[in-house]
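Me: Please take a close look at one part of this protein for me. Then show me how the rest is put together around that question.

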Amino acid sequence: MNQTVPPNSDDTSFGAETRPNTTDIRRVRSNPDYWYPVAWSRELKPGKTIGTRYAGQPIALVRPVDGPIFALEDRCAHRQVPLSKGVVAGSSVKCCYHGWAYGRSGRCIDVPYLGKGKLPNGVRTYPCREQNGMIFVFPGDPEKADSVPLAPQLARADSPAYKTRYFGRTVGCHYSFMHENLMDMNHQFMHSKQMGQMKPRFLGQKREPGLVEARYSFARTGGKQPFGEALIFGERRDVSEKFQHRDVMTIRTEYPYQTLRIQTGDEDPVMDLWIVYTPQSADELTNRTFGLLSVKRPKIPGILDMAWPLLVAFTERIFAEDREIVELEQNAWRELGGDHNVEVFPVINALRALLVECGIPPASESHA
């Protein structure tokens, strides 16, 4: 596999040799041997079940009135009717059609008209856990689930020093477009209506197994600072020299997740983002975004809470612009019949190499 940058490198040069991988990154499937969020905790009420998806696999999430949640293949073994349309009874879910019941192991435990001694096979079960307001499943090899870590704290959701926004949308594109969009801060030109004129400075990248990281600083060259940004930094800033390239933004893809942090020196980050793009369709050309955005509380008590709706509106406008552009990229990929992009930014070529390395290659290549 071609790599843009050697492992453990820290390259700040735009002139670094780039040897793009010949694999069409938009055909690379996500690796199922990781924990993926498939729903918000608030969506699944006690005694209820809901239907979700990972890469075309239908998954039913079940929350008994007592006991932890569990996840099953969302098809009854009888007539393949979605179990998410069923009824939760105790620690089982009953299919809405004939009342076949399944426990958390996926085994069929009751067929009302056959009795308990003549039960057919059950359905697939998925390792499942709940953390930071999200429900995660492990769609790959269940024997690997216990050995694959998930960060104990996502963003700063558990810290009283921060206020966290939980956000997400379904986006009509391959997950790789999302990774590239966040990693490449040279696209701030697109956000000039929301952000004013911002000049990014690329400070370098890091490439390690399973990880690509990019660092940037910014200078405002025109326009007024939006109020949403002022809330994040806890102060009003203008175009004067003292505010130029003062903070460092660090963006990391640590497969399959992304993080973004903004901080000054060794101070705690003023903003900490954790985000992941869970594939929805079988071709993985749609994804459901799950994001946690933590903003450090300023010294004035309560001001962030009062102004929170304004910050939410600001971040929604930014996300809407990003969503539109990645969906346009995806549409172009469809119309052209593949990825005709000529990438010149070294960190994006490193990112693409990472996604190919960690993902599942197209079927035509996996048997080569």
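How many residues of helix 1 (residues 175-183) are buried?

Reply: In helix 1, 9 of its 9 residues are buried, so the helix is mostly covered. Buried means under 20% relative accessible area; exposed means over 50%, and partly exposed lies in between (1.4 Å probe, protein chains only). Helices (H or I, at least four residues) and strands (E, at least two) are DSSP runs, numbered from the N terminus.

The buried residues of helix 1 include polar and charged names: Tyr175, Ser176, His179, Glu180 and Asn181 are among them. Phe177, Met178, Leu182 and Met183 are buried too. On helices as such, there are 3.6 residues a turn in an α-helix, so residues three or four places apart point the same way.

First, the ground rules. This is a predicted model, in which local features need pLDDT of at least 70 and side-chain atom pairs count only at pLDDT 80 or more, while totals for chains, interfaces and linings use all residues. Residues are numbered from 1 along each chain as its sequence is written, and side-chain values use heavy atoms, with hydrogens and water left out.

How confident is the predictor? Mean pLDDT (the predictor's confidence in each residue, from 0 to 100) is 86 for the protein, and 83% of its residues reach 70 or more. Two stretches fall low. Residues 1-9 stay under 50, and the model gives them 29 contacts beyond four places in sequence. Residues 12-18 are also below 50, with 12 contacts beyond near neighbours in sequence. A contact means heavy atoms within 4.5 Å. Where pLDDT is low, the predicted coordinates should not be read in detail.

Now the protein as a whole. It comes to 6 helices and 20 strands. Buried residues make up 52% of its 368 residues. Among contacts with a separation of 6 or more, 61% join residues 24 or more positions apart. The protein exposes about 17,300 Å², and carbon and sulfur atoms supply 52% of that. Accessible areas come from the Shrake-Rupley method with a 1.4 Å probe; for residues, only the protein chains shown count as cover.

Back to helix 1, by way of a contact. Met183, a buried residue of helix 1, is touched by Val347. Beyond four places in sequence, Val347 also touches Phe202, Gln205, Val212, Glu213, Ala214 and Tyr216.

Val347 also has a place in the largest nonpolar core. Such a core is a set of buried Ala, Val, Leu, Ile, Met, Phe, Trp, Tyr and Cys residues joined through side-chain atoms within 4.5 Å. The largest one has 56 residues, of which Leu61, Tyr216, Leu260 and Val347 touch the most other members. Helix 5 (residues 346-358) gives the largest share of this core, 8 residues. The core draws at least three residues from each of domain 1 (25-29 + 151-361) and domain 2 (36-147); the domain bounds come from an automatic or database domain assignment.

Strand 16 (residues 211-222) is worth a stop. Arg215 is found there. It counts as buried because its relative accessible area is 18%. Its C-alpha atom is 5.6 Å from that of Met249, 34 residues away along the chain. The C-alpha atoms of Arg215 and Ile262 are 9.7 Å apart, across 47 residues of chain. Ile262 lies in strand 18 and is buried, because its relative accessibility is 8%.

Next, the loops. Between strand 17 (248-254) and strand 18 (257-263) sits Pro256. The peptide bond from Tyr255 to Pro256 is cis, with omega near 0°.

Two non-glycine residues show positive phi. Gln80 has a phi of about 65°, in the loop between strand 5 (70-73) and strand 6 (87-89). Its relative accessible area is 46%, so Gln80 is partly exposed. Glu284 has a phi near 60°, in the loop between strand 19 (271-279) and strand 20 (287-296). Glu284 is buried, because its relative accessibility is 4%.

Ser41 is in the loop between strand 2 (36-40) and strand 3 (48-54). At 15% relative accessibility, Ser41 is buried. Beyond four places in sequence, it touches Arg63, Glu130, Gly133, Met134 and Ile135.

Last, the cysteines. The structure holds 0 disulfides, a disulfide being a pair of cysteine sulfur atoms within 2.5 Å. Cys128 is partly exposed, because its relative accessibility is 22%. Cys358 is buried, because its value is 11%.
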